Amino acid sequence: MQPESLRQEPLIQALEAVLPGSVVGAARAHGELTLTVEPARIVDVCRYLQESEGFERLSDLTAVDWHPREPRFEVVYHLHSVRRNLRLRLKCRLSGEGPEIDSVTPVWSGADWYEREVFDLFGIRFRNHPNLRRILLPEDWDGHPLRKDYPVYGPKYGYKDE
Amino acid sequence: MSEQEPVTPKPAPTAGFQPQATSRTVLNMGPQHPSTHGVLRLVLELDGETIVKAEPDIGYLHTGIEKQCEDKFYQQVVPLTDRVDYLANLSNNLCYCLAVEKLLGLEIPPLAQWMRVMLTELTRISSHLVWLGTHAIDIGAMSVFLYCFREREELLRIFEMFSGQRMMTSYFRIGGLALEPPRGWHRRVKSFLDRFPDAVQEYEDLLTANPIWKIRTQGVGIVPLEELLNLGVTGPMLRAAGLAWDIRKSEPYSSYELFDFEIPTRQEGDVYARYQVRLEEMRQSARIARQALEGMPSGPWKADAPKVVLPDREKMKTEMEALIHHFKIVYEGFRVPPGEVYQVIESPRGELGYYVVSDGSARPYRVHIHGPSFGNLQATARMIEGRLIADVIAALGSMDFVLGDVDR
């Protein structure tokens, strides 16, 4: 749960009031605020932050694999408000078994390629994504290279028909 | 290069009028097309010369840099960052170093900070010169390319003087610089900065009032500002659409707050406005570099952190402790406290971000590179759909993407 010192954070209070239970954790380190969000609420949270808190940009979207820990994946959103000169990090923890989360493309259309990249390299599925295909690797690639159980060196991981 | 295949015509409408005979062409532009500046493939669906649908296909230059980072010591990642955006390698070096320094809590001496500012601004100029030269050559203005590469050559020589390398410099290291600034750098940089404003004027003379240039670029590639923000576009493209946002001003790093410069903006948001913004940015970069040159502080060029920064060669040969530190850093790396940092800087192309996650070991647990070109390239379809095929070249050139930065 969030530390006492962060309870007063206006962003957390606002989210708590509008979408109770959506924020499950918070931390501030190196001057950066991180909120851990309930994965099922991510689109609601993002839409609220965009419409009411002025986060007009999704700066970056990526994932981290904490294999073999469970929940294994963290999907990390870096939000940015140019007007308020404010940055915010959102995190959603996903299980290693069939990781799936709602796409935020309805909120920021720029999330499109970022989600495809995470799907390609981590194998996390984004529900309601308009075009969820591999983006960097060939369509018939085997595995998801940024997973921690995918080797950096070793036997060739290549095209299936070779 | 281009393959044509007829696409099934639209089914005839049931109403009682004759359907217009339309046939669409699918044009495969790239990945070896000269105007795609690297290996971008664009699948264009054409109706005559009008683009109905455009789909960029990326990934031809994917080298798995993010995966490789996880297998290397923190200091070994620096040369990989050069290869991400190979036209602005020093910006990438800087962003990665800043992120790790933030995790380590390292204090960087003023000389190193100012040197970083000066060299990244020279990098910005050099990157913009490549952009201007190739953009002009795409549109048909041959000679600008030669002028631009004349100045860029001098910049590459300056980088070589500092780091021993023309392009893959790796000159910024965690804790400061890789080498002591070479003798005579001041004179060399000064002579470049003295000549450069005249050179920019030369490019302007060739292009700014050129009627062909204006016809090809004005009114092309306009996307409303809100949509650009929503698409994740950054940098000169936003400034050409009227948003005065520059990370050097809004979230200053490496002592940019001490420098005096302006953020050039335009309201039109077309290819011509982007050209004007970038030209003015070159002037402003030269201004910053001159301030850094003239006010360059003295002192050490790397942080006093023996467990992180490699010792001087002389010390290694005379002091046992320095030798031990050197051995430990090279063979075991240095441990970085657990945590995560998202460091952003203003690269020549826009917002460059490094998301570094540490688990407390000597290798980064995860490095994610948020390249500005990746976000900018997403706007391609929005920018060219409904326009003529000749505008594709102008619009693509105005985005100034580097495929190494897109595919990583």
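## Chain B overall

Of the 408 residues in chain B, 48% count as buried. This is a predicted model. Chain B holds 17 helices and eight strands. Its radius of gyration is 23 Å, close to the 22 Å that the globule rule gives for 408 residues, so chain B is as compact as a globular protein of that length.

The C-alpha atoms of chain B fill a box of roughly 95 × 45 × 35 Å along the principal axes. Contacts across the sequence are frequent: among contacts in chain B with a separation of 6 or more, 69% join residues 24 or more positions apart.

## Strands β1 to β3 of chain B

Strand β1(B) covers residues 25-29, and strand β2(B) covers residues 41-47. The two pair in the antiparallel sense over five bridges. Within this pairing, B:Thr25 stands opposite B:Leu46 of β2(B).

Strand β2(B) also pairs with β3(B), residues 50-57. This pairing is antiparallel too, and it runs over seven bridges. Here B:Glu45 faces B:Lys53 of β3(B). Two residues lie between the strands of the β2(B)-β3(B) hairpin. In that hairpin, B:Gly48 takes a positive phi near 65°.

## Around B:Pro79

B:Pro79 sits in helix α2(B), which spans residues 78-82. Is this proline buried, exposed or partly exposed? B:Pro79 has 15 other C-beta atoms within 10 Å. The cut-offs are 20 or more for buried and 12 or fewer for exposed. B:Pro79 is therefore partly exposed.

Leaving aside neighbours within four places in sequence, B:Pro79 is in contact with B:Met168 and B:Ser170. Another pair gives a distance: B:Pro79 and B:Asn92 are 13 residues apart in sequence, and their C-alpha atoms are 9.7 Å apart in space.

## The sheet of chain A

Chain A has an open sheet of five strands. Their order is β1-β2-β5-β4-β3, with mixed pairing. The edge strands are β1(A) and β3(A), the latter at residues 57-65, and each pairs on one side only. From one strand to the next, the twist averages 20°.

At one edge, β1(A) (residues 23-29) pairs with β2(A) (residues 32-37) in the antiparallel sense. Six bridges join these two strands. A:Gly25 has A:Thr36 of β2(A) as its bridge partner. A:Arg28 stands opposite A:Leu33, also in β2(A). The hairpin of β1(A) and β2(A) has two residues between the strands, and A:His30 there takes a positive phi near 55°.

## Helix α3 of chain A

Helix α3(A), residues 111-122, packs on the sheet. The helix touches β3(A) and β4(A), the latter at residues 73-81. The direction of α3(A) makes about 5° with that of β3(A). With 12 residues, α3(A) reaches 16 Å from its first C-alpha to its last, close to the 16 Å expected at 1.5 Å a residue. Just after the helix, A:Gly123 takes a positive phi of about 75°.

How many residues of α3(A) are buried? The count is 12 of 12, and the helix is mostly covered. The buried residues include A:Trp113, A:Tyr114, A:Phe119 and A:Phe122. Charged side chains are on the list too, among them A:Asp112, A:Glu115, A:Arg116 and A:Glu117. What do the buried residues pack against? Their partners are β3, β4 and β7 (125-127) of chain A, together with α14 of chain B. Helix α3(A) thus has packing partners in both chains.

## Where the chains meet

At the interface, 30 residues of chain B are in contact with 26 residues of chain A. On the chain B side, several elements give two or more residues: α1 (65-69), α8 (225-231), β6 (339-347), β7 (350-358), β8 (366-370) and α14 (372-377). Strand β7(B) supplies the largest share of that side, four residues.

The chain B residues that touch chain A divide into 10 nonpolar, 13 polar and seven charged. Helix α14(B) appears in both pictures: it gives two or more residues to the side that touches chain A, and the buried residues of α3(A) pack against it.

Key: Residues numbered from 1 in each chain as written. Chains lettered and ligands numbered in written order. Predicted model: local features only at pLDDT ≥ 70, side-chain atom pairs only at ≥ 80, totals over all residues. Pairing = 2+ DSSP bridges. Contact = placed C-beta atoms within 7 Å. Axes fitted to C-alpha atoms, helices over the stretch in contact; angles between N-to-C directions. Rg over C-alpha atoms; globule rule 2.2 N^0.38 Å. Expected span 1.5 Å × (residues − 1).
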